[in-house]
Amino acid sequence: MSALNTLDLLKQTFFFFRRNLAAIAAIQLPFLIALNLLASWIESNAGESTDLSQQMAYLALLRLTLLPIFWGATILYIQSKVDGNDYSPSQAVFASLRFWRSLLLVFLLSGMAIFTGLMFFIIPGIYIGVRLAFADFICVVERKPVFESLKQSWEDTKDYFWLLLQGLLILYPGLQIAELYFAQTFAGDGSSNWLLELVIFVTLDLLSVLALIYGFRVYCVMRDEQRPENRISNPDNDSNQ
């Protein structure tokens with residue numbers, strides 16, 4: 001088991017994010033801005049509440065359709081920094097298209113499993129979510145089929161559950177609290193600046209990449225320790241990425 005602790009990995013996560021912010025933003029911002037603009041337009045132009053609910057459902061479907069592209073591209077970019085290929089943002093986006101179908105199915109099946117777990121007093125959903133945290137990486141980096149990615153993630157996260165959980169419990173709640181705060185702030189202020197609102201929510205969406213980077217860092221540690229013949233990172237050099 002790795003001698004690295006949660007604090008070490010969080011420090012590496014924030015360092016990598018700062019160091020590669022321009023490229024990560026170039027990958028994600030076109031999608032995040034478009035989705036948030038569309039959400040803002042729907043909310044401001046919807047008539048009846050039923051129309052709003054239906055249109056927001058369509059927006060959620062669109063987001064799910066686009067997510068494998070910019071999420072997969074971000075994974076490919078991070079991996080390229082680890083193995084020295086150094087993808088450009090456009091290369092990462094185009095390369096992610098080949099994984100669109102597989103990643104979409106991974107998201108759908110993982111989401112269904114997590115949602116089912118959340119219905120049973122929340123804790124089972126959190127447990128399932130952590131145990132499936134490597135599935136995206138296995139699907140993209142190791143090019144494994146959908147069900148094999150899910151199964152392997154369940155096996156690989158067994159010894160890294162607490163390391164994943166501790167870091168994600170620091171990152172996700174902080175982002176959720178900030179999002180709820182700003183959502184309530186703007187909901188109660190009819191004169192709020194729509195541009196400022198857009199900037200804030202796009203920024204919060206972009207910051208969610210921190211959880212992906214943290215999960216990928218733990219995934220690298222797992223690969224180095226459990227399958228050293230197929231190393232994908234050097235823990236001693238990660239802070240220099």
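# A guided reading of an all-helix chain

Helix α2 runs over 25 residues and spans 34 Å from its first C-alpha to its last, a distance close to the 36 Å expected at 1.5 Å a residue. The model in which this helix appears is a predicted one. Along α2, a kink of about 45° is found at Q28, shortly before the proline P30. A number of α2 residues are buried, among them A23, I24, A25, I27, Q28, F31 and L32. The buried residues of this helix also include L35, N36, A39 and I42. The residue at the kink, Q28, thus belongs to the buried set.

Another residue of helix α2 is I33. Its relative accessible area is 33%, and I33 is therefore partly exposed, since that class lies between the limits of 20% and 50%. I33 takes part in a nonpolar surface patch of about 460 Å², together with L37, W194, L195 and V199. Which helices supply at least two residues each to the nonpolar patch? They are α2, covering 21–45, and α10, covering 194–207. The largest share, three residues, comes from α10.

The wider chain may now be considered. Its secondary structure consists of eleven helices and zero strands, and along the sequence the pattern reads α-α-α-α-α-α-α-α-α-α-α. The chain has 241 residues, of which 44% count as buried. Its accessible surface comes to about 12,900 Å², and 64% of that surface belongs to carbon and sulfur atoms. Where contacts between residues at least 6 apart in sequence are concerned, 72% join residues at least 24 apart.

One residue that illustrates such a pairing of sequence and space is T157. It is placed in the loop between α8 (146–156) and α9 (161–187). Is T157 buried or exposed? T157 has a relative accessible area of 0%, which means that it is buried, as the limit for that class is under 20%. Setting aside residues up to four places away in sequence, T157 touches V130, R131, F134 and L164. T157 and A133 are 24 residues apart in sequence, and their C-alpha atoms are 7.7 Å apart in space.

Two other loop residues call for attention through their backbone angles. Most residues other than glycine have a negative phi. D86, in the loop between α3 (49–83) and α4 (89–96), has a phi near 50°, a positive value in a residue other than glycine. R143 is found in the loop between α7 (135–141) and α8, and its phi is near 55°, again a positive value in a residue other than glycine. As for accessibility, D86 is partly exposed at a relative accessible area of 44%, and R143 counts as partly exposed at 49%.

The charged side chains complete the picture. Side chains of opposite charge can pair when their charged atoms come close. In this chain, the count of salt bridges comes to four. One of them joins D86, already met for its positive phi, to K81, with 3.6 Å from N to O. The partners of this salt bridge fall into separate accessibility classes: K81 counts as buried at 19% relative accessibility, whereas D86 is partly exposed at 44%. For K81, the value of 19% means buried because that class is set at under 20%.

Further salt bridges involve K144. This lysine pairs with E142, the closest N and O atoms being 3.5 Å apart. K144 also forms a salt bridge with E148, in which the closest N and O atoms are 3.7 Å apart. Of these residues, E142 is buried, with a relative accessible area of 18%. K144 counts as partly exposed at 22% relative accessibility, and E148 counts as partly exposed at 38%. Through salt bridges that share partners, E142, K144, E148 and R223 are joined into one network.

Key: Residues numbered from 1 in each chain as written. Predicted model: local features only at pLDDT ≥ 70, side-chain atom pairs only at ≥ 80, totals over all residues. Heavy atoms only, no water. Helix = DSSP H or I, 4+ residues; strand = E, 2+ residues; numbered from the N terminus. Buried < 20%, exposed > 50% of the residue type's maximum accessible area, 1.4 Å probe, protein only. Contact = heavy atoms within 4.5 Å. Patch = residues over 30% accessible without salt bridge, like charges linked within 9 Å, V, L, I, M, F, W, Y side chains within 5 Å. Areas by Shrake-Rupley, 256 points an atom, 1.4 Å probe, with all protein chains shown as cover. Salt bridge = Lys/Arg side-chain N within 4 Å of Asp/Glu carboxyl O. Expected span 1.5 Å × (residues − 1). Bend = angle between axes of the 7 residues up to and from the residue.
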